[in-house]
Structures are given as C-alpha cells and as structure tokens.
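This note is meant for a colleague meeting the structure for the first time. The numbered points take up charged side-chain pairs and the packing of two helices.

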Amino acid sequence: MSPSSVRLLDSDAEGGSQAVKAQQRLREWILAGDLPSGARIAELALVDRLGMSRTPIRAALMHLKQEGLLEPLPGGGYAVRTFSEREVADAIELRGTLEGLAARLAAERGVRPALIQQARVCLDQIDAVLRASALDDETFSTYVELNGQFHKQLSEMADSAVLAREIERASSLPFASASGFVGVHVHDAHARDTLVVAQHQHRQVLDAIERREAGRAEALMREHSRIARQNMQLALRDPAASGTPGVQLIRPS
C-alpha cells in the first residue's frame, strides 16, 4: 500500500472517530436540555462549539436523525425533536413485543446450556445488587448495566440474527431501551421494591424458556415491558426529579 493510501485511511479513521465524539456530545447536550426541544441546530455554530470540521458534525447530525432525536427542517438543518407520550409508549410496546417473540422462539427452539448459565449468573449478580436495603448511585448504575446485559442475552437466546437486529433497532429508539426509565427510581424510597418485581419477572421468563413453555415466556416478557411504561408516567409527573435524561422532550398526554 502506498504512503498516500495509508494517509487516506488514517484520515478516514480520524474522521469517523470525530463523528462518533460529536454524536456522543450532541446526544448528551440534547438529553441534558442544553439543546432544548425545537431548537434549530446550525452546523457552523457547532464547528466553533465542538472544535471540529463540518464533515464529522454533519455525519453526527445524520446519525442523531436516524436515532430519532433530531428532525430535518424544510429550509435545511435540523431541530431537536419532541415526543408525544403515545409515541414513547408505542416504542416501548414495540420493544416488548419483539422481546416477547425472542422469548417464545428461545423456548420453542431450545437454548444452549452455556447461554442459560450466563443468564443465571447475570441474574445472580442482580440479586446481589438488590440485597442492599437502599440503592446509591453506584449500585444503581451496576443494576442498569446488568439489566441491559440480561436483555441482550435474552435476545441471543432466540438464535435469530434478524430478530436480534430488530430488537437492537427498537431499543435504540428514544426512551425505548430496557433501562430507559429505571432512573425514575434511583432516589425513590420504593426503588428497590419496583426493581425486585422486575427481577422476579426476569427469573420467571428464564424459567419458562428452560421449561420450553413458549406462550408463557412470551406473555411474561411482554408484561415485563409494561414496567417501563409505568415508569414513564411517573417520570412525567415530576420531570425534574425523575433522574431520566431527556424526559423534558416528552409531551404528556
């Protein structure tokens, strides 16, 4: 490979890295309210604010549009989106439906013992977190990580690349992920009780999959997603105290 080709590849890699950094920073600003709903996003202003060229910023804006956080404006550029409560509820329902399908397929097809064991270990770790009488920020962050890990393992159990891809896509919709609204409980006196209920559902889903009870596994997983909808309603009652990034972008019904 010629030196010029190497320089070109290095330049492309650097540009991609800058786009990812810009995307992460812009997402943080949107969810924190630093870029409020309806605000027009101007590329040139971001060049100065981020200290980057327009190319990675343009790529970052396109990715955030695909995520649903930005919407294109008729005259060019983007604006921060707002979401109706129904839109978010539908996104959560979609994710729950797909995860329910994953649970049913896993029960029908059977799951490798190694993957079942990995899920058990993950749930045991969640149990350890929930043994504390109250959750602090550190243990809550651990719960969020483990919760996401279990949901990913569940997706893998279906042994369907198509379904795994669609679950990932649905989970990437704003506020639709498995941990999208669990932050509403971080400083709630009843936080642990709510998470214990969710953990019980995790155990029941895994049990149904192991017993090859497809209908039960699917129903349990779809019911599990409704906790997120209940948490959303709690967050909308007191957005400032909810601990949910970006909740100010949701319009209550």
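1. A network of salt bridges links D207, R211, E213 and R216. The model in which this network appears is a predicted one. A search of the whole structure gives a total of 18 salt bridges, and some of the individual pairs are described below.

2. One of these pairs joins R203 and D127, whose closest N and O atoms lie 2.6 Å apart. The pair connects distant parts of the chain: R203 belongs to helix 8 (residues 191–210) and D127 to helix 5 (residues 113–130), with the two positions 76 residues apart. As to exposure, R203 has a relative accessible area of 26% and is partly exposed. D127, with a relative accessibility of 24%, is likewise classed as partly exposed.

3. A further salt bridge is formed by the side chains of K152 and E156, at 2.9 Å from N to O. Where do K152 and E156 lie with respect to each other in helix 6? They are four residues apart in that helix (residues 137–157), so about one helical turn separates them. K152 is exposed, its relative accessible area being 53%, whereas E156 is partly exposed, at 40%. The cut-off for the exposed class is over 50%.

4. E166 and R169 also form a salt bridge, with 3.5 Å between the closest N and O atoms. Both residues are in helix 7 (residues 161–171), and their spacing of three residues corresponds to about one turn of the helix. E166 counts as partly exposed, with a relative accessibility of 27%.

5. How do helix 5 and helix 6 pack, and at what angle? Their axes are 10 Å apart and the angle is about 160 degrees. Helix 5 is therefore roughly antiparallel to helix 6, because an angle over 145 degrees falls in that class. The crossing of helix 5 past helix 6 is left-handed.

6. The residues that make this contact come from both helices. Helix 5 contributes L115, I116, Q118, A119, C122, L123, Q125, I126, V129 and L130. From helix 6 the contact includes T139, T142, Y143, L146, N147, Q149, F150, Q153, E156 and M157. Sorted by class, the contact of helix 5 with helix 6 comprises 12 nonpolar, seven polar and one charged residues. E156 thus deserves attention on two counts: E156 takes part in the contact between helix 5 and helix 6, and E156 is also the salt-bridge partner of K152.

Conventions: Residues numbered from 1 in each chain as written. Predicted model: local features only at pLDDT ≥ 70, side-chain atom pairs only at ≥ 80, totals over all residues. Heavy atoms only, no water. Salt bridge = Lys/Arg side-chain N within 4 Å of Asp/Glu carboxyl O. Buried < 20%, exposed > 50% of the residue type's maximum accessible area, 1.4 Å probe, protein only. Axes fitted to C-alpha atoms, helices over the stretch in contact; angles between N-to-C directions. Parallel < 35°, antiparallel > 145°, perpendicular 65-115°, else oblique. Left-handed = near helix turned anticlockwise from the far one by under 90°. Contact = heavy atoms within 4.5 Å. Nonpolar A, V, L, I, M, F, W, Y, C, P; charged D, E, K, R; others polar.
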